[in-house]
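User: I'd like to go through this model and ask what lies behind each label. Could you take me through it?

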Amino acid sequence: MTSAPGLLDHLFPEEAKPRSSQSPAVVPVLVPLPTARPYSYAVPDGMDVAPGSIVQVPLGPRQVAGIVWDGATDGVDPKKLRPITHAFDCPIIDEGMRRFIDWVADYTLSPPGLVARMALRAPAAFDPEPFIEGLARTGLEPERLTGARRRVLDASVDAPAWSRSGLAHAAGVSTSVVDGLVKLGAFEAVRLPPPPVVARPDPGFGGADLSADQRAAADSLVDRVRMGGFSATLLEGVTGSGKTEVYFEAVAAAIAAGGQVLILLPEIALTQAFIDRFHARFGAPPAEWHSDMPPRIREKVWRQVAEGEVQVVAGARSALFLPFPKLALIVVDEEHDPAYKQEERTFYHARDMAVVRASLGGFPAILASATPSIESRVNASAGRYGHVRLAGRYAEAAMPTLRLVDLRRHPPARGRFVSPILHTAIAETIARGEQALLFLNRRGYAPLTLCRVCGHRFQCSECSTWLVDHRLRGQLQCHHCGFSVRRPEHCPDCGTFDHLVACGPGVERIAEEMLDTFPDARTILLSSDMAGGPRRLRRELDAIADGEADIVIGTQLVAKGHHFPKMTLVGAIDADLGLSNGDPRAAERTFQLLHQVTGRAGRTGLASRGLIQTFQPEHPVMQAIASGEATRFYDREIAERERAGLPPFGRLASIVVSAATRKEAEDHARALKSAAGEDEAIEVLGPAEAPLAVLRGRHRFRLLFQGSRRSPMQAFLRAVIAAAPKPRGTVEVQIDIDPQSFL
Ligand code: ADP
Ligand code: ZN
């Protein structure tokens, strides 16, 4: 008769459909598989689930953990659906996190299930941690007490409940004394909640006396935290300017207000020194999150983050997918670092996704770097990001004096790689009891081995790459697939013995040269593939910081963040190494790396220098490094990007097609090209054989998509994939939005 109820329904939907406390009969569940959409499951009677609940569901013959998702199901009859097996007793994956998973899936063109899988990385944590057995006083006081028993009762007043061994330890007695008191009825068994993985950080515990410059920077970051709401701020300052001290103030403000904080770090190798500093500042360490953690600890961290118990996590990029319920700040340290890009399964850039998570969650993000990415620099100068700068090094620490060594005019001796100028500088440095660092971004002994008689080159059987000589292991190794063979004594082609030559240097070869030329010096070689793994690496870094080495030789691993008080000389063996690889970010990366590595010198006020060996001293990157004029370099590089329509002024995406045969890969790449429609804002380049033409036995072709800043890249790629034939046989297609690698 009248339309009024309908109108009311529209205006007050909440009132019209009172929320039932009962779960719907059917819910969508996102399972951790490459599916495009959630699957529908029936909710058994009496089970209570809501969007975000973690549940176990049958999938074919298996049981998998999934997340109850939002939105309607297809209206299928619940009787035809398989029921949810189990609802875990676990905090829900909250709305902000669910929108983040959807957003990342949509942006990276990944199946949402695969993104959700990153949030479900600790299956054993979905059930609550078990309580532990403890003891509490009953109030009963036994009449005759031995001294030992008296001590136990006295010690016990410090806490409401104790573990049996903890109490014995606190009282300085054996556990049998405690057992005796239990028998007498002085203590009773209680169940204690599981202990926290880390103690609560105290925002007021430590803290440096900030300089005026640092204070101003910290205040402006703290303001953003206090104001709440989304913002992104670039914190820029040379190495050693105190960026960490400064953003710690923002962290303190966030946790003082009861929020959780995520600090992203690019390398595990960096974390120990960082954890120690955090501990000194906040009286407790942050929880760690990275791939090198024991599963038990991982599960505890996941669970306690989800419960809001852990306040601060310091972690690798995957920590972005932890289910924080009260996230109030993300700090991305060394925001320019390429390690933030994940290039497997879901291709995502953790720095960019951190900013997205902050915007979806409505809180600030801080990006810290001495050498910001061009992207962040442009965002800051366009006003999209705030820009907070620290002018110089903290206190008396001066930047190293930098000098280019022209290898054409000052060549090393035959078979050597250290020029006479650098050699002299090393000698002077170690004679003063200081440390020298030699940097070469290449693992192993030599990048190529060939036969002097027939010219045979040792190549990987699975990849189009040369095998790298690793003398310390007696192996030739492929750095792309891990293939290795014993280092042979004769040429497999012509059979000649003892005529294999190593071409070019890797860090092992530089270490050998140092042992030869400075036999009395203590040298340490650092590289990510070192025997002993991260633990050994941490020990070696500590040893260097304690002055237990004279000469350190290392890959980019040593470039980052470390604080070596006695390091006063840094030599870059081959500064040109990354410049000629066809990567649009080659100049930027080289600049960042050289700046970071020379920044290891002179952090405590000793006069220091950096010597940069190059064949191209006139190159803009070398000029910028030597003159210390970072601004000029950035201006020039930004102008060049703008002219070429490269990020952040334009957009890039790549598709790599791989297959067991070259023909299959090429055919499918061509089919994708043909399927690409016309879009005036997007240009399709290729397909072309990838620079790394064969990887792990698979042939590779690349397509590059270049578009204007506002081009509908994702929609365009979706249309291409939909219009092209489905990959058949061995063909695989990898989509990379905002690619960082062009190999
Ligand atoms: P960055 O992160 O910019 O490289 P850091 O925060 O690591 O700089 O600071 C470099 C060194 O100077 C560290 O050892 C740090 O403890 C010290 N430092 C920086 N600011 C202060 C300060 N205000 N008071 C005391 N020490 C400081
Ligand atoms: Zn290989």
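**Confidence first**

Analyst: Gladly. Residues 1–5 have a pLDDT (the predictor's confidence in each residue, from 0 to 100) that stays under 50, and the model gives them 0 contacts beyond four places in sequence, a contact being heavy atoms within 4.5 Å. Residues 15–21 also fall below 50, with 2 contacts beyond near neighbours in sequence. Where pLDDT is low, the predicted coordinates should not be read in detail.

User: What ground rules apply here?

Analyst: This is a predicted model, where local features need pLDDT of at least 70 and side-chain atom pairs count only at pLDDT 80 or more, while totals for chains, interfaces and linings use all residues. Residues are numbered from 1 along each chain as its sequence is written, chains are lettered from A and ligands numbered from 1 in the order in which they are written, and side-chain values use heavy atoms, leaving out hydrogens and water.

User: What is the average pLDDT of the chain, and which elements have the lowest and highest means?

Analyst: The chain averages 90, and 96% of the residues score at least 70. Among the elements, helix H2 (residues 13–16) has the lowest mean, 48, and strand S9 (residues 260–264) the highest, 98.

**The whole chain**

User: How many helices and strands are there, and why is the chain called as compact as a globular protein of its length?

Analyst: There are 21 helices and 31 strands; these are DSSP runs numbered from the N terminus, with helices being H or I of at least four residues and strands E of at least two. The radius of gyration, taken over C-alpha atoms, is set against a globule rule of 2.2 Å times the number of residues to the power 0.38. For 743 residues the rule gives 27 Å and the chain has 30 Å, which is close, so the chain is as compact as a globular protein of that length.

User: What share of the chain is buried, and what share of its contacts joins residues at least 24 apart?

Analyst: Buried residues make up 51% of the 743. Of the contacts between residues at least 6 apart in sequence, 74% join residues at least 24 apart.

**Single residues**

User: What makes glutamine 260 a buried residue?

Analyst: Buried means under 20% relative accessible area, exposed over 50%, and partly exposed in between (1.4 Å probe, protein chains only). Glutamine 260 has 0%, so it is buried. This residue sits in strand S9, and its contacts outside four places in sequence include Val305, Phe324 and Leu329.

User: Why is arginine 281 called buried?

Analyst: Its relative accessible area is 5%, so arginine 281 counts as buried. Arginine 281 lies in helix H10 (residues 268–282) and touches, among others, Asp202, Phe248 and Glu249.

User: And how do you know whether leucine 120 is buried or exposed?

Analyst: With a value of 8%, leucine 120 is buried. Leucine 120 belongs to the loop between helix H4 (112–119) and strand S6 (132–137), and its contacts include Ile54 and Phe126.

**Backbone exceptions**

User: What makes the backbone noteworthy at glutamate 334 and proline 648?

Analyst: Most residues other than glycine have a negative phi, and most peptide bonds are trans. Glutamate 334 has a positive phi near 50°, and at 12% relative accessibility it counts as buried. The peptide bond from proline 647 to proline 648 is cis, with omega near 5°; proline 648 lies in the loop between helix H19 (630–644) and strand S28 (650–659).
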